[in-house]
Amino acid sequence: MKEFNIRNLVRQNILELQPYISFRDLNEFKNPVFLDANESAAGELNRYPDSTQKKLKQKLSRLKGIPADQIAIGNGSDELIDLIIKVFCEPKNDSILMMNPSFAMYGFYASVNGNDVLLLDLDENFEIDKEEFLKITNEKQPKVFFLCSPNNPTGNSVEDIEFYIQNFDGIVVVDEAYIEFSEKESCIDLLEKYSNLIVLQTFSKAWGMAGARVGTAYSSKKITRFINSVKAPYNVNSLSLNKIIELIDKKEFIMVNVKNTLNEMYWLKNILQDMKCIKKIYPSDANFFLVEFRNAEKVYDLLLENEILTSKRSPKIPGCIRINVGRREENVRLVEMLKTVEL
Ligand SMILES: Cc1ncc(COP(=O)(O)O)c(C=O)c1O
């Protein structure tokens, strides 16, 4: 197994950066008087949130079976994508590698940070061509590889993930935003084996908390420390932190939500697959389908005119629209509108 010296991968100016941690968050107090942070003495939310997100990390540590010092919390996993690029990619010099098509924010944050984006085109089954992966990585030596599994927008999972981790001389980020909907195993257990792995998860999808903006990065102690050293101290607000902490105690909620979503997907797929305007529904391990229509432009416009918002992927993925499952009444509205499509 390759042992990585993570310090060799980290940007020079980040190496010596100390995480900003509020003094009070580093200590335990019994009966404190807080006159240290220029907060207001009164007000409903007058105190800054815990910059170390201790309680949430303890909860997650128990839930995921991973030490708290291997967990970083972000303002959504979006922020963590940005922070990872900030830690490892030297602006103007380094590049990231991402599957194509995949989640657009990897490319967005790389561009914001001044890093090139290398695209690894997926084949007709939306799988990675291993030869192409080896060729790009050897020639261009990207610093970070974003693997999205299940992949947004295609819905399928990446096969043989360990191959990519083993054959990449940089950081491999496995984005598992939709993992709870999938029967595939999370890569969290691989963290013990690979020091160049980061696993991203989020409370935005199966946990139903997109509005709270809370995402998690699981990685080695060293990588976690670097991610924490570049984050804004109070990156997640107290309301969201408390909400998520409460939610983790109601674990059955997520099981029910996932089950309902999957049942609804099954119901919807059964109806969609008999529709004349649809050519193909791609298999999905997530809470959405990539659907190929006979006339995607027309269907998308019709849906939009009727205030049914979907995600047009055509022409990049020819003929395709990404549709996530909603509540039954929303799905019925979609189906009724699709029934009106004339070929
Ligand atoms: C693959 C993937 N990763 C990350 C995110 C962002 O999640 P968050 O809401 O945690 O920022 C999304 C959201 O659509 C996504 O599809």
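The questions and answers below cover the two domains and the ligand of a predicted model.

Residues are numbered from 1 along each chain as its sequence is written, and side-chain values use heavy atoms, without hydrogens and water. Local features need pLDDT of at least 70 and side-chain atom pairs pLDDT 80 or more, while totals for chains, interfaces and linings use all residues.

Student: How many Å separate the centres of domain 1 and domain 2?
Tutor: The domain assignment, of an automatic or database kind, gives domain 1 as 8–249 and domain 2 as 252–339. Taken over C-alpha atoms, their centres are separated by 29 Å.

Student: Which three residues supply more than any other three of the area that domain 1 buries against domain 2?
Tutor: Buried area is the accessible area (1.4 Å probe) that two parts lose on being put together, summed over both. Between the domains this is about 1600 Å², with 62% from carbon and sulfur atoms. On the domain 1 side, 36% comes from Phe126, Pro153 and Phe181.

Student: Which residue forms a salt bridge with lysine 184?
Tutor: A salt bridge needs a side-chain nitrogen of Lys or Arg within 4 Å of a carboxyl oxygen of Asp or Glu. The count between domain 1 and domain 2 is one. For lysine 184, the N to O distance is 3.3 Å, and the partner is aspartate 285.

Student: How many residues of domain 2 are in contact with domain 1?
Tutor: Contact means heavy atoms within 4.5 Å. Domain 1 contributes 22 residues, and domain 2 contributes 19.

Student: A nitrogen atom of the ligand is 2.6 Å from a side-chain atom of which residue?
Tutor: There are 14 residues around the ligand (a heavy atom within 4 Å), and Ser77, Asp175, Tyr178, Thr202 and Ser204 come nearest. Oxygen atoms of the ligand lie 3.0 Å from a backbone N or O atom of aspartate 78 and 2.7 Å from a polar side-chain atom of tyrosine 178. The 2.6 Å distance from the ligand nitrogen leads to an N or O atom in the side chain of aspartate 175.

Student: What percentage of the area that the ligand exposes when taken alone does the protein bury?
Tutor: Accessible areas come from the Shrake-Rupley method with a 1.4 Å probe. Alone, the ligand exposes 400 Å², and the part buried by the protein is 92%.

Conventions. Polar contact = N/O pair within 3.5 Å; in protein donor to acceptor, adjacent residues only side chain to side chain.
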